[in-house]
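Student: I have a new model open and would like to know how its labels are earned. Could you take me through them?

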There are 2 protein chains.
Amino acid sequence: MSVQERKKRERADRERLIVAAAREIAEEHGWDAVTTRRLSEHIEYSQPVLYSHFRGKREIIGAVALEGAAEMAAAARAAASAADTPRARVTALARAYLGFAESNPAVYDAVFRLDGGLVFAQEDTPEPLKDAFASLLDPLGEVAGDGIDPGLFTEVFWASLHGLATLGRSGRLPKGDAERRTQLLVDRLIMD
Amino acid sequence: MSVQERKKRERADRERLIVAAAREIAEEHGWDAVTTRRLSEHIEYSQPVLYSHFRGKREIIGAVALEGAAEMAAAARAAASAADTPRARVTALARAYLGFAESNPAVYDAVFRLDGGLVFAQEDTPEPLKDAFASLLDPLGEVAGDGIDPGLFTEVFWASLHGLATLGRSGRLPKGDAERRTQLLVDRLIMD
DNA sequence: GATCGATGCTAGCACCGCTAGACAAGCGAG
DNA sequence: CTCGCTTGTCTAGCGGTGCTAGCATCGATC
């Protein structure tokens, strides 16, 4: 029995290794550079091994996305819990969100831009994604305003942050005004 | 002279043909399906011909983007000019923007998501892109609020719309609440 | 110790963006 | 009208992609 256990453990280790390698290459050279050949070379196994863990590249992106979503949720909660007032919590949340997107562009893309084969906004949505949304909803529900569905408000706020993050990073917004834009967005959207 | 003129005209025609073909294939089967082979087959020339018009695939995306930006600007102006009050103009603008993104996903991606080698938000930004931004700034400047830079406000509003458009289309926002989200965004962001 | 299934490998498929070099068509000069 | 040359297009091919069929080898089990 113990042999099988060990094999299972080793398999799980190797799977984590694949995800970590994909993330590292993507963060360093972009997702286009994450090829099955480079990935297999990185983990020191041949390409077909990848396919014994994942259906294909898409699923590898999905795995990175789930890992990233969990980290984002943690970062969001840490930021929000360090502030006193509802408004301060939301400001901290927004800064943390945009900071994460800027510091981990490849992971952010895996979660919110690329197709990782994940299901969003449904009953069978993976737990890390649900939890990441919840980590936004918690502080934002406080400032949604009377008669406004907190979920809907969170969606709008999140989408706005996503727009700032993606347009900003692709050079479509002027450099240097990020903080002013964030401040304006928070000021206008929340009701406190 | 006339012969050269004719040749120049034919060349320009063919270039338009390439852009139109790229757009058509992208809109029908996604940008991944826009390969140089399929494109060349579509225009009934060999692949190298593409490279006598464009440096590569990126530039073709850029050409589609410029065309799309011009159409977006026109759609935005048409929507805004059909409304009476500043608030109504902005609501119409938002709906038109999101409608365009939904009806022309490939073109929208060419302009705002893919890398078409275009420069945004700078002096040497291509005119169609500047004009597209101006078409947003016109109605939005009216409702930016006192002491708020209209340009900055437009960036924030635009980014929010972009977030709604992209997250919505990739299935990351619940289906069916688009109009409510749009309404909430407009209600909160504008000052009238 | 032999057997046999699990496991990872080599090799290769069809496709990608892009380009070198051959080749033909059409031009101006003599 | 013919010759040479430019201009334009094509065929063929390079190195890369995601993915897979089929073989070989290793190691747990009887």
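Tutor: Gladly! Helix H3 (47-53) of chain A, helix H2 (36-43) of chain B and helix H3 (47-53) of chain B each supply at least two residues of the surface near DNA strand C. This is a predicted model, where local features need pLDDT of at least 70, side-chain atom pairs count only at pLDDT 80 or more, and totals for chains, interfaces and linings use all residues. Residues are numbered from 1 along each chain as its sequence is written, while chains are lettered from A and ligands numbered from 1 in the order in which they are written.

Student: What makes a residue "near" DNA strand C?

Tutor: Its C-beta atom, placed from the backbone, must lie within 6 Å of the strand. 17 residues surround DNA strand C, and the closest include A:Ser46, B:Thr35 and B:Lys57. H3(A) gives the most to that surface, with four residues.

Student: Which residues of chain B and chain A are called "in contact"?

Tutor: Those whose C-beta atoms, placed from the backbone, lie within 7 Å of each other. By that rule, 25 residues of chain B are in contact with 25 residues of chain A. On the side of chain B that touches chain A, helix H8 (150-169) and helix H9 (178-189) of chain B give two or more residues, and H8(B) gives the most, with ten.

Student: How do you know where the "HTH tetR-type" domain lies?

Tutor: That comes from the UniProt annotation, an unreviewed entry, which covers residues 12-72 of chain A; such annotations may be inferred rather than shown by experiment. Over residues 12-72, chain A is 80% helix and 0% strand, with helices (H or I, at least four residues) and strands (E, at least two) taken as DSSP runs.

Technical notes
Contact = placed C-beta atoms within 7 Å.
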